[in-house]
Amino acid sequence: MDLSKEGLGEYTSRSQIARVATESWGLRNLYCPNCTSPRLDSVPPNTPVIDYMCPDCGSPYQLKAQSRGFSARIVDAAYSAMVRQIKEGRAPNLFAMHYDADRWKVLHLILIPHFGFPLSAIEKRKPLGSHARRAGWIGCNILLRAIPADARITVIAGGTPVSPREVRRRYERIRPLKNLKAEARGWTLDVLNAVRGLGREEFALAEVYALEDKLARLHPNNRHVRDKIRQQLQVLRDLGLLQFLGGGDYRLT
Ligand SMILES: [Zn+2]
């Protein structure tokens, strides 16, 4: 999982070196989780948002690499653009990489499919100060805990790759979320995340109701949160992510 130093001689800035090295690592190592393609191609330079494209199925991918660990958040690009992309169902498939800048190794890599982002996961950052080159520009963070664990697919953990077969299996499992309309999907992801947060495979409706306030804060315009919870549990069942056991009990599959 080593990053290559090849062809970096012409670059001097640390951030530029890291970008070139991690992108070329992706060309050598990334594969498409959406189909069986063993590689991803690069896209023309300066293509917004996208870094790679699958040569077989055309799925676009973005790579975000950082040398800090991403336990809670990943620094992303412009806030308004990301919100718009999610609302319009055009968010990219994101590979988030944590690399070791001293040992020059890829330590962690997770994949978040484009249909795995609820709006609640996008945190607005403070506008850049008046002395910045892009004064007033507002970036965003991706809050990893707001994304259901199902949609945070581990590709490399502690420097060791997970098998492509397992990565594709996990992607396939949640692929039905893609078929939901973008504006409805946020609720589904938030309820799935809340249910996962209970930390157990089996749970009761009352336990999800107990999270009503938390869910209401994510959707301040919705006054019928309990109805929404029941509706979304049905959606999750229809997607095959949840089983109804009867008597208000459920099991995650
Ligand atoms: Zn593909």
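The legends below accompany an overall view and several close-up views of a predicted model.

In this predicted model, local features need pLDDT of at least 70 and side-chain atom pairs count only at pLDDT 80 or more, while totals for chains, interfaces and linings use all residues. Residues are numbered from 1 along each chain as its sequence is written, and side-chain values use heavy atoms, with hydrogens and water left out.

**Figure 1. Overall view of the protein, with its seven helices and 13 strands.** Helices (H or I, at least four residues) and strands (E, at least two) are DSSP runs, numbered from the N terminus. The radius of gyration of the protein is 19 Å, close to the 18 Å that the globule rule gives for 253 residues, so the protein is as compact as a globular protein of that length; the radius is taken over C-alpha atoms, and the rule is 2.2 Å times the number of residues to the power 0.38. Along the principal axes, the C-alpha trace spans about 65 × 45 × 30 Å. Of the 253 residues, 41% count as buried, where buried means under 20% relative accessible area, exposed over 50%, and partly exposed in between (1.4 Å probe, protein chains only). Contacts, defined as heavy atoms within 4.5 Å, are made by residues 24 or more positions apart in 59% of the cases with a separation of 6 or more.

**Figure 2. Surface and charges of the protein.** The accessible surface comes to about 13,500 Å², of which 49% belongs to carbon and sulfur atoms; areas come from the Shrake-Rupley method with a 1.4 Å probe, and for residues only the protein chains shown count as cover. The mean positions of the 39 positive and 25 negative charges are 3 Å apart. In this count Lys and Arg are positive and Asp and Glu negative, with His and the chain ends not counted, and the place of a charge is taken as NZ of Lys, CZ of Arg, CG of Asp or CD of Glu.

**Figure 3. Close-up of strand β5 (residues 93-100) and its cover.** Eight of the eight residues of β5 are buried, so this strand is largely enclosed by the rest of the structure. In a regular strand the side chains alternate between the two faces of the sheet. Both faces of β5 are covered, with N93, F95, M97 and Y99 buried on one side and L94, A96, H98 and D100 buried on the other.

**Figure 4. Close-up of the pairing of β5 with strand β3 (residues 60-66).** Two strands pair if DSSP finds at least two bridges between them. Strands β3 and β5 run parallel and are joined by six bridges, and K64 has A96 in β5 as its bridge partner.

**Figure 5. Close-up of the hairpin of β5 and β6 and the pairing beyond it.** Strand β6 (residues 105-112) pairs with β5 in the antiparallel sense over seven bridges; within β6, L111 is the bridge partner of F95 and I110 that of A96. Six of the eight residues of β6 are buried, so β6 is largely enclosed by the rest of the structure. Four residues lie between the two strands of the hairpin. W104 lies in this loop and, at 13% relative accessibility, counts as buried. Most residues other than glycine have a negative phi, and most peptide bonds are trans. The phi of W104 is near 60°, a positive value in a residue other than glycine. β6 also pairs with strand β9 (residues 153-157) in the antiparallel sense, over three bridges, and L109 has I156 in β9 as its bridge partner.

**Figure 6. Close-up of K124 in strand β7 (residues 122-124).** Leaving aside neighbours within four places in sequence, K124 is in contact with Y79, I138 and G139. From C-alpha to C-alpha, K124 and C140 are 4.7 Å apart in space, although 16 residues apart in sequence.

**Figure 7. Close-up of Q232 in helix α7 (residues 225-238).** At 4% relative accessibility, Q232 counts as buried. Not counting residues up to four places away in sequence, Q232 touches W187, T188 and V191.

**Figure 8. Close-up of S163 in the loop between β10 (160-161) and α3 (164-174).** At 38% relative accessibility, S163 counts as partly exposed. S163 and G240 are 77 residues apart in sequence and, from C-alpha to C-alpha, 23 Å apart in space.
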